[in-house]
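Work through the exercises below with the model open. Each task is followed by a solution in steps.

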Amino acid sequence: MTWSKEEIHRKYEEYFPDEKAKANAFDKIAERYYCANFGTMTKSDFETLLFSIYLEQILDKDEDDFTQYSDYTLSKLLGITQSKISSLKVKKELLYPYEKFDWKESFKRISDRAVYENGKIKLSIPDRNLYLELKNAIETRGGFIEAQLTANLLQVPLSYFLDLMVAISEDETDIQQIWNVLKDKIKDNGNFKEKEPFGKVLQRMAPEVVFELIGDCVPCIGGAMKTVAQEIYQAIKR
């Protein structure tokens with residue numbers, strides 16, 4: 001798809017619809033230039049600031065619609081590569097974090113897109129920062145995701161499904177309840193300790209057994225992740 005200059009300008013006016021929005025944007029730039037610090041900002045940081053201002057206007061209006069700020073859409077609007085957009089998103093979040101960004105809520109909005117193929121749960125993550133937050137949450141739990149050439153493809157072995165869910169929920173009660181179910185269902189449970197990831201326990205078992213155990217444990221996941229866990233489980237069952 002090729003966008004005309006008129007369409008791109010229309011988008012700009014849509015995200016900066018009045019003088020107040022444009023003045024606020026200029027104030028953010030002026031703060032870095034007109035307060036005895038003129039010329040101290042690098043070109044790269046200046047571009048990141050401009051990108052941050054633009055992206056936050058989009059997020060304030062259309063955060064629930066990932067297509068409005070996908071790497072593809074922004075590359076068309078700004079005339080740069082998708083890889084450049086992805087890098088700017090990460091740098092923007094480090095330098096100018098978006099105060100309303102809730103990665104768990106973002107994940108909930110796309111969880112129903114998960115698919116199960118070749119023993120792995122796969123989910124395309126439209127935002128690089130969301131991908132990095134999920135990766136960190138899983139690895140903190142002792143789990144792992146498999147790196148892919150497609151940078152934003154989250155790919156988790158089936159055995160680590162429960163680790164993914166509790167990493168996001170961060171509810172210790174859920175974790176203990178799942179351990180209780182596993183200890184009850186797995187006859188020979190002397191070979192694992194409760195401090196290790198669930199995935200290390202389940203990966204030693206046949207896939208059909210793993211499916212059954214996950215199904216038994218999903219009701220233990222409560223709070224905001226309850227619906228997400230059920231949706232992804234149904235997806236992998238299909």
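**Exercise 1. A lysine in a helix**

Is Lys92 buried or exposed?

Solution. The model is predicted, so local features are taken only at pLDDT of at least 70 and side-chain atom pairs only at pLDDT 80 or more, while totals for chains, interfaces and linings use all residues. Residues are numbered from 1 along each chain as its sequence is written, and side-chain values use heavy atoms, with hydrogens and water left out.

Step 1. Apply the accessibility classes: buried is under 20% relative accessible area, exposed is over 50%, and partly exposed lies in between (1.4 Å probe, protein chains only). Lys92 has 2% relative accessibility and therefore counts as buried.

Step 2. Place the residue. Lys92 belongs to helix 5, residues 82–95; helices are DSSP runs of H or I with at least four residues, strands are E runs of at least two, and both are numbered from the N terminus.

Step 3. List the surroundings. Leaving aside residues up to four places away in sequence, Lys92 touches Thr48, Phe51, Ser52, Leu55, Glu56, Pro97 and Tyr98, where contact means heavy atoms within 4.5 Å. Leu78 is 14 residues from Lys92 along the chain, and their C-alpha atoms are 15 Å apart.

**Exercise 2. Global description**

Describe the protein chain as a whole, beginning with its secondary structure.

Solution.

Step 1. The protein chain contains 12 helices and three strands.

Step 2. The C-alpha trace spans about 70 × 40 × 30 Å along its principal axes.

Step 3. Of the 238 residues, 46% count as buried. The exposed area of the protein chain is about 13000 Å², with 51% of it from carbon and sulfur atoms; areas come from the Shrake-Rupley method with a 1.4 Å probe, and for residues only the protein chains shown count as cover.

Step 4. Take the contacts between residues at least 6 apart in sequence: 62% of them join residues at least 24 apart.

**Exercise 3. The sheet**

In what order do the three strands lie, and in what sense do they pair?

Solution.

Step 1. The sheet is open, with order 1-2-3 and antiparallel pairing; two strands pair if DSSP finds at least two bridges between them. Strand 1 (115–117) and strand 3 (153–157) each have a single partner strand, so one side of each is left without a neighbour in the sheet. From one strand to the next the twist averages 30°, using axes that are lines fitted to C-alpha atoms, for helices over the stretch in contact, and angles that run from 0 to 180 degrees between N-to-C directions.

Step 2. Examine one pairing. Strand 2, residues 120–124, is joined to strand 3 by five antiparallel bridges. Across this pairing Lys122 stands opposite Gln155, and Ser124 stands opposite Leu153.

Step 3. Check burial in strand 3. Five of its five residues are buried, so strand 3 is largely enclosed by the rest of the structure. Leu153, Gln155 and Pro157 point one way, and Leu154 and Val156 the other.

**Exercise 4. Salt bridges**

How many salt bridges are there, and which parts does the pair Arg109 and Glu63 tie together?

Solution.

Step 1. A salt bridge is a side-chain nitrogen of Lys or Arg within 4 Å of a carboxyl oxygen of Asp or Glu. The count is 17.

Step 2. Arg109 and Glu63 form one of these, with the closest N and O atoms 4.0 Å apart. Arg109 lies in helix 6 (residues 103–110) and Glu63 in the loop between helix 3 and helix 4 (71–78), so the pair ties together parts 46 residues apart in sequence. Arg109 is partly exposed at 28%, whereas Glu63 is buried at 17%.

Step 3. Glu14 and Arg10 meet at 3.7 Å, N to O. These two residues are four apart in helix 1 (residues 5–15), and so are separated by about one helical turn. Both belong to a salt-bridge network that links Arg10, Lys11, Glu14, Lys61 and Asp62.

Step 4. Return to strand 2. The side chain of Lys122 also meets that of Glu117 in a salt bridge, 3.3 Å from N to O. Lys122 is buried at 17% relative accessible area, and Glu117 is partly exposed at 41%.
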